[in-house]
Amino acid sequence: MIINRDTINDYLAGKNCSNWSNQWIFHSIVENEYLIENVSEDKKNLINEAANLLENELKNFQPYNRDIWDAIFNEWNKVISESTVYLVVGSPDPYDAMVRTSPCGKEVIIYDINRMLDYVDSVEKLIPIIKSLLTHEYSHACLHSDYPAPDGKSSFISKLQYICFDEGFAHFLSFHENVKKIDWLDNEKLQKREMHIIF
């Protein structure tokens, strides 16, 4: 696994984010747009601490729902060991974690440390969020490796089905550390289901 901290290191060194205008990451968040957000220098210590925590979790990654992973993604360890992960700051809300294609044509995973900190009031509380985000984004990487996305000639319906499954499955695996223990038919979940049914 390659972990790229160039953007984080620039931020911690006090470099202005306007220097990042040539970085492909901020041009790839939304196609044909350049999106970047200033991050207060007051957050340097928090961001450094959170980046170190995330890097440690990356190096020791164990997905939620490991038994499902092992059954579906036969070579997930290989996919992860060969992956490239970018730790950044400057992505606008809600882009906390993404899979994007780098200029060399390879899929990479991008995590915005500042966006992650929006979810908690202390760095220590980030661990379950980090594990969920790692499981989610690596689900995409493993799925794309085993089942590539439809090509440009595929129908709109085929592409839509792929996107729905890709996102749905990643959310399912990262929803809870053990989805088999969830009672999907309890009253609360049934009520939420009823609220989201489209007629």
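**A four-stranded sheet and its helices**

Let me begin with one pair of residues: V88 stands opposite D112 in β4. This is a predicted model, in which local features need pLDDT of at least 70 and side-chain atom pairs count only at pLDDT 80 or more, while totals for chains, interfaces and linings use all residues. Residues are numbered from 1 along each chain as its sequence is written, and side-chain values use heavy atoms, with hydrogens and water left out.

A word on confidence, where pLDDT is the predictor's confidence in each residue, from 0 to 100. The protein averages a pLDDT of 87, and 98% of the residues score at least 70. Among the elements of the protein, β2 has the highest mean pLDDT, at 94, and helix α9, residues 187–196, the lowest, at 74. The elements are DSSP runs numbered from the N terminus, helices being H or I with at least four residues and strands E with at least two.

Now to the sheet. Strands of a sheet pair through backbone hydrogen bonds, either parallel or antiparallel. Here we have an open sheet of four strands in the order β1-β2-β4-β3, with mixed pairing, where two strands pair if DSSP finds at least two bridges between them. The edge strands are β1 and β3, each of which pairs on one side only, and neighbouring strands are turned by 25° against each other on average, direction ignored.

Going through the pairs, β1, which covers residues 2–4, runs parallel to β2 and is joined to it by three bridges, with N4 opposite Y86. Strand β2 also runs parallel to β4, residues 107–112, through four bridges; on this side Y86 has I110 as its bridge partner, and L87 stands opposite Y111. Strand β3, residues 97–101, runs antiparallel to β4, with five bridges between them, including the pairing of V99 with I109, and T101 stands opposite E107. The hairpin of β3 and β4 has five residues between the strands, and there G105 takes a positive phi near 90°.

Why is β2 described as largely enclosed by the rest of the structure? Five of the five residues of this strand, 84–88, are buried, so the description follows; buried means under 20% relative accessible area, exposed over 50%, and partly exposed in between, with a 1.4 Å probe and protein chains only. T84, Y86 and V88 point one way from β2, whereas V85 and L87 point the other way. Strand β4 is likewise largely enclosed by the rest of the structure, because five of its six residues are buried.

Turning to the helices, α3, residues 44–59, packs on the sheet, touching β1, β2 and β4, and its direction makes about 165° with that of β2. Such angles run from 0 to 180 degrees between N-to-C directions, and axes are lines fitted to C-alpha atoms, for helices over the stretch in contact. Helix α7 lies across β2, β3 and β4, running at about 170° to β4. It also packs with helix α8, residues 156–174, at an angle of about 140°, with their axes 8 Å apart. Among the residues making this contact are H136, H140 and L143 of α7 and F165, A170 and L173 of α8, contact meaning heavy atoms within 4.5 Å.

Finally, D121 lies in the loop between α6 (113–117) and α7 (126–146), and is exposed, with a relative accessible area of 62%.
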